[in-house]
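Trainee: I've got a protein model to look at, and I'd like to talk it through. Can you help me read it?

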Amino acid sequence: MSAHFPYTQIDGSFLTDKAIHPVGAGNRDFMDSGGVKPQRPTPAGPTRGRPKKWERNTLKYGDAIFKFGRPDDIIIPVMGPTGSGKSAFINTLLGKDVAEVGHGLGSCTSQLQHFVTESVPSEFEFLKGRRLIFVDTPGFNDTRPEMTDMEILRRISAWLAYSYADGIKLGGVVYLYDMSQSRVAGTTLQQFEVFREMCGPTALTAVVLMSTKWDEISLEQGIRREEESLTGLLWKPMISAGSSVKRYQNTSQSAWEVIKVILHKVQNTHNVDSLKIQRELVDQNRRIPETRAGKLLYTRPQNTAEIRKNFTNEYHESAGNLNSLRPELYQQHLCETSMLQNSHKVSFIRRVLIFGCLASCLGL
């Protein structure tokens, strides 16, 4: 289980390592048999001196971070909406139940977990002695009240920023989409826009857009949804920018075919070293709300209307007219936008009241 894979955490004002399990005999047996290694714990205490500005801006107590990284490690985050199958994909990839999988509507993953393996396909000789780091991330639109989209963005960004600051390069990103969804909801569009802003235009060539849960629908349904909603619409801008598309069939071979797309680019030195949000946080010392992805989340009601407009325009351009499903989808966008705008108005009023109280206390 995932307890065999301790992750490092932040403690107070400095960085320490807190392992869920020490590396004992049981864990050693698990390592030797599977080739997937837990992180080696070290005594708690300051490890990097005084926190840097970006650390103070981004990191919080209890955040999962990646320590003991090597300069030649290859990081591959697995991202996507809640329930799209990220943890299950990693388990199939590694051949062991290392990531906890949810079986309900809620999310099981609240903190990021990373899994280290040196078991790579033999065809990639250049990877000999190097490690692949697969990162299981929480999805947006979580059902738990404390897991807001902004907090989820912060947690993912904190992990990525820490590894980037340590000089560990990104191999690529796998982004999942659940094919069992009968329509592309407005929230799915918003989450995808945030993901695209996290990557930035230069990193889109390192993204693999992967569709999951083909076994829950007929092949005819899947192909139609893929052509109408994904490759012809939602994913179209990223495909044009160089992102790859893969279908996941719940097998180890299928999972590794997805990863091989990234490894081929690494081998041919066509990969990117970082995502836009990593550079924004570490190099430019921006806070999460100041990043492009953060701004998109913060001003989401306005962007929802823009996304809905672009969605409809692009569909008209690609298909010529709306089929029987699209009016329902369009109405869903209208409803969700209305709810988001009402929520935005409430939060704005609260901000005005808070400002008024502060001004009164300060005698302004």
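Mentor: Sure. Accessible areas come from the Shrake-Rupley method with a 1.4 Å probe, and for residues only the protein chains shown count as cover. This is a predicted model, where local features need pLDDT of at least 70, side-chain atom pairs count only at pLDDT 80 or more, and totals for chains, interfaces and linings use all residues. Residues are numbered from 1 along each chain as its sequence is written, and side-chain values use heavy atoms, with hydrogens and water left out.

Trainee: What share of the exposed area do carbon and sulfur atoms supply?

Mentor: The protein chain exposes about 17,100 Å². Of that area, carbon and sulfur atoms supply 53%.

Trainee: Which helix gives the most to the largest nonpolar core?

Mentor: A nonpolar core is a set of buried (under 20% relative accessible area, 1.4 Å probe, protein chains only) Ala, Val, Leu, Ile, Met, Phe, Trp, Tyr and Cys residues joined through side-chain atoms within 4.5 Å. The largest one has 55 residues, and Leu153, Trp159, Phe195 and Met198 touch the most other members. With nine residues, the top contributor to this core is helix α4 (residues 149-165).

Trainee: How are α3 and α8 oriented to each other?

Mentor: Helices here are DSSP runs (H or I, at least four residues), numbered from the N terminus. The axes, lines fitted to C-alpha atoms over the stretch in contact, with angles from 0 to 180 degrees between N-to-C directions, come within 8 Å and cross at roughly 100°. Angles of 65 to 115 degrees count as roughly perpendicular. So α3 and α8 are roughly perpendicular.

Trainee: How many residues of the contact of α3 with α8 are nonpolar?

Mentor: Contact means heavy atoms within 4.5 Å, and Phe89 of α3 and Trp256 of α8 are among the residues that make this one. Ala, Val, Leu, Ile, Met, Phe, Trp, Tyr, Cys and Pro count as nonpolar, Asp, Glu, Lys and Arg as charged, and the others, Gly among them, as polar. The contact has no charged residues and two polar ones, while the nonpolar ones number six.

Terms used:
Buried < 20%, exposed > 50% of the residue type's maximum accessible area, 1.4 Å probe, protein only. Helix = DSSP H or I, 4+ residues; strand = E, 2+ residues; numbered from the N terminus. Parallel < 35°, antiparallel > 145°, perpendicular 65-115°, else oblique.
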